[in-house]
Amino acid sequence: MEEEIKLMKGNEALAMAMIRYGADGYFGYPITPQSEVLETLMAQKPWETTGMVVLQAESEVASINMVYGGAASGKVVCTSSSSPGISLMQEGISYMAASELPALIINVMRGGPGLGTIQPSQADYFQATKGGGHGDYHLITLAPSSVQEMCDFVGLGWDLAFKYLTPAIILADGVVGQMMEKVVLPPQRKRLTDEEVRQRCPWAANGRKGMRKKNVITSLELDPSLMEVNNERFQRTYKKIEENEVRFESIGTEDCDYLIVAFGSLARISQKAVEMARKRGLKIGILRPITLWPFPKAEVARLSERVKGILVPELNAGQMIEDVRLAAGSGVRVEHFGRLGGIVPSPDEILDAFEKLFLGK
Amino acid sequence: MDVNDIIKPENKVYGKPVLMNDNNMHYCPGCSHGVVHKLVAELLDEMGVAEKAVGIAPVGCAVFAYNYLDIDWVEAAHGRAPALATAISRLYPENLVFTYQGDGDLAAIGTCETIHAANRGENITIIFINNAIYGMTGGQMAPTTLIGMKTATTPYGRRVDLNGYPLAITDLLARLDGTCYVTRQSVHTPAAVRKAKAAIKKAFQNSLDKKGTSIVEIVSTCNSGWKMSPAAANDWMAEHMFEKYPLGDLKNV
C-alpha cells in the first residue's frame, strides 16, 4: 500500500496508522470516545492483509495485560482506551515499565473524575506524565493536536518505545479523536517476521529457538540492593529520553510579548485566539509541547525570560501549569485558564481570559 | 564395579529433568509445586517442545517458577496470566503457551481473565494448583478454602455466612464451549503423579493441536499453611479436599 490522502476521524486515523506502521497486535475494549479504533480495525480485517492480530478483550485490565504479553514476546503491540479504562490499565502499564518493554498505549481523554462524561478533557495529564501506576517510572507522552499527528505518533510512539525499551502513551483528547481532517496515511511498513523479531528483541520471551539461553520477563526482584540497581537503570533511561526526545512546536514565539503554553486541541483553539489577538495588536506566541514527558522545560525557561506573562489554557483544573511554573521560575507571571467537565472553550473565551488576567480588562 | 559403571546411561532408571536447573527451590518441604514443576519439565523435554514453550508465571507461591524451569517465561500481574497467554499464543500460533496459577490467582483475582480466555477457546494450557489457601502471603483464605477450614483470615474456620462457599471453578470452566479438556488430578501418591503427568501431556498436546483451552487442576497440599506435616497434609487432602474437588476428567472432547 502506498501513501494515501484521506479524510477521517482522529480515532480512525489511529487504527489505520497501526495497520500501516506494521503492528503485530491490537487488544482493546470499547469505551466512548475512542471506540472507532477497535471498530475500524475490525472493519479493516488486517489479519487478512498484514497478519495483524486484533482482539476485543473482556476488559481494559485484560487488554493491557494482553499488550504486556505481546510486548514481552517482542511484538509490536498496542491498546487504546479513554480515561476510566486507562485508570484500569495502570497496574499493567507499571509492570511493563518495570519490565522495560516497548508498547504503545493510547488515551483519548474524556472528562472525569469517576465515570465523568464522554466529552473531551485533558484531565489525565498528571496520570500520563507523572507515572500513573505505582512505582517510579515515566511514560514517553505524545500529545497530538491534529488527525495527522494521531496517525504519525503511532509510528513515532513505537519507534521511541523500541529505542528506549519503555512504554509510550499517546495522550489525545476527545476533540482530536472525534474531529475529521485530511490525513496522509504512510505507505505500508512491513511487519517483521518472527526471525526478525528474534534478532531485534533477543531478550523476548517467545520460545528458546535453537535452545538459546532462556529469557525471563519479570518485574520482580526481592533483593532490595538489586531492585535499587534496576531502578537506577530505569532512571538512566528516563534521563536519556529527557536529553534526546523533547519535542515541541513554536508558533510566533520569536517576537511575542506574551506566551500561551497549550497542548492537544487547546493548542489548536489557542492558535485562533492568537490570530485574533494579533489583529488587535497583541503579540502572543504559542508553545505547544508535543512531548508532555519529557516536558520542554528548557524552551519554557528560555521564553519565560523574554515574555511579560504566560497563559496556560487546559481542559482541566490546572495540571500542565505546574510543569510550566517549575520551568519558568518565579520571574514571570504564569496563569491558568481551564474549562472542566467536558466543556471546550472557544477562541474568544481564551482571548477574554488572557485580557482579563494580563491586561486587567 | 565402580560408580562409573553404575551411572552408565543404560543403568539409569530415573533422573532430574534436563529442563530443571539446580537453583534451590523456595517451596516448603512437602509442597506439591515441586512435583508439578518436575512433571512440566519432563513433559516439555519428552514432547520435544522446549524450544517453543512459553510459560506464564502467576503471583503467589509459583511466582518464581521461572527460576527453576529452563524455558522462556513471563511473570504476569496477579490473576492476569491467561490474558498474557492469549496474546502470546495468538502472536505465535506455533508456540506452546501455558499458564501456571494458584487458586487465589486463578479463582479470585483472575476469575475474569480465566473464564474469558477459556471461553474464547484460546489454544493454551492452564495448570491450576488448588491447595485451598494463599501460601505466599502467609496462609489466608482462598476462594477454594473448605467450609470450616482454618486460615490466617478465617482463624475460627471458614463460615458460609461470613465468607461464602468454596468455589469449584474447574466445574464452571468445564461448562464453557471453549474448553476441550478439563480435568482434576493430584500428586500425593506415585499413581496420582503418573495420572497427573498423563493429563498435563494431553493438555499440552491439545494446545499444540489447537483444540482449545485445556485446564489441569491439581488438588494440592500446603502443609505449611495447613500447619501439618507433609504426610498428614496428604492424608487430610485425600480425606477432605477430594469430596469437594473430586478427581477425574470433567470434560474430554
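**Reading a two-chain predicted model**

Colleague: I would like to start where the two chains meet; which residue in strand 2 of chain B is the bridge partner of V216(A)?

Modeller: The partner of V216(A) is W73(B), which sits in strand 2 of chain B. Please keep in mind throughout that this is a predicted model. The bridge belongs to a pairing between strand 9 of chain A and strand 2 of chain B, which run in the parallel sense and are joined over two bridges.

Colleague: How should I read the sheet around that pairing, and what is its strand order?

Modeller: Follow the strands from one neighbour to the next, and you find an open sheet of eight strands in the order 9(A)-2(B)-1(B)-3(B)-4(B)-8(B)-7(B)-9(B), with mixed pairing. The edges are strand 9 of chain A, residues 216-217, and strand 9 of chain B, residues 248-252, each of which pairs on one side only.

Colleague: Within that sheet, how many bridges join strand 7 of chain B to strand 8 of chain B, and what lies across them?

Modeller: Seven bridges join strand 7, residues 179-186, to strand 8, residues 213-219, and these two strands of chain B run parallel. To find the register, look for T179(B), which stands opposite T213(B) in strand 8 of chain B. Helix 8 of chain B, residues 190-208, lies across strands 3, 4, 7 and 8 of chain B, and it runs at about 160 degrees to strand 7 of chain B.

Colleague: Stepping back from the sheet, how many helices and strands are there in chain B?

Modeller: Chain B holds 10 helices and nine strands. Its radius of gyration is 18 Å, close to the 18 Å that the globule rule gives for 253 residues, so chain B is as compact as a globular protein of that length. Of those 253 residues, 52% count as buried. If you take the contacts in chain B with a separation of 6 or more, 67% of them are between residues 24 or more positions apart.

Colleague: Returning to the place where the chains touch, how many residues of each chain are in contact?

Modeller: The contact brings 29 residues of chain B together with 33 residues of chain A. On the chain B side, strand 1, strand 2, helix 3 and helix 5 each supply at least two residues, and helix 3 of chain B gives the largest share, with eight. By class, that side has 18 nonpolar, three polar and eight charged residues.

Colleague: Into which domains is chain A divided?

Modeller: Chain A is divided into domain 1, residues 4-195, and domain 2, residues 248-359. Their centres, taken over C-alpha atoms, are separated by 27 Å, and the contact takes 24 residues from domain 1 of chain A and 20 residues from domain 2 of chain A. On the side of domain 1 that touches domain 2, helix 6 of chain A gives the most, with four residues, and the residues of that side divide into 14 nonpolar, nine polar and one charged.

Colleague: Chain A also has an open sheet of five strands; what is its order, and why is one side of each edge strand left without a neighbour?

Modeller: The order is 10-12-11-14-15 in chain A, with mixed pairing. Strand 10, residues 248-251, and strand 15, residues 333-338, each have a single partner strand, so one side of each has no neighbour in the sheet. The twist averages 20 degrees from one strand to the next. Strand 10 pairs with strand 12 of chain A in the antiparallel sense over four bridges, and E249(A) stands opposite R288(A) in strand 12 of chain A. Helix 11 of chain A, residues 265-279, lies across strands 10, 11, 12 and 14 of chain A, at about 170 degrees to strand 12 of chain A.

Colleague: Finally, where should I look for unusual backbone angles?

Modeller: Most residues other than glycine have a negative phi, and most peptide bonds are trans. The bond from T32(A) to P33(A) is cis, with omega near 5 degrees, and a cis bond also joins W293(A) and P294(A), with omega about 0 degrees. P294(A) lies in the loop between strand 13 and helix 12 of chain A.

Colleague: And what is the phi of K227(B), and is K227(B) buried or exposed?

Modeller: Phi of K227(B) is near 60 degrees, a positive value in a residue other than glycine. K227(B) lies in the loop between helix 9 and helix 10 of chain B, and it counts as exposed because it has 12 C-beta neighbours inside 10 Å.

Technical notes:
Residues numbered from 1 in each chain as written. Chains lettered and ligands numbered in written order. Predicted model: local features only at pLDDT ≥ 70, side-chain atom pairs only at ≥ 80, totals over all residues. Pairing = 2+ DSSP bridges. Contact = placed C-beta atoms within 7 Å. Axes fitted to C-alpha atoms, helices over the stretch in contact; angles between N-to-C directions. Rg over C-alpha atoms; globule rule 2.2 N^0.38 Å. Buried ≥ 20, exposed ≤ 12 C-beta atoms within 10 Å, placed from the backbone. Domains from an automatic or database assignment. Nonpolar A, V, L, I, M, F, W, Y, C, P; charged D, E, K, R; others polar.
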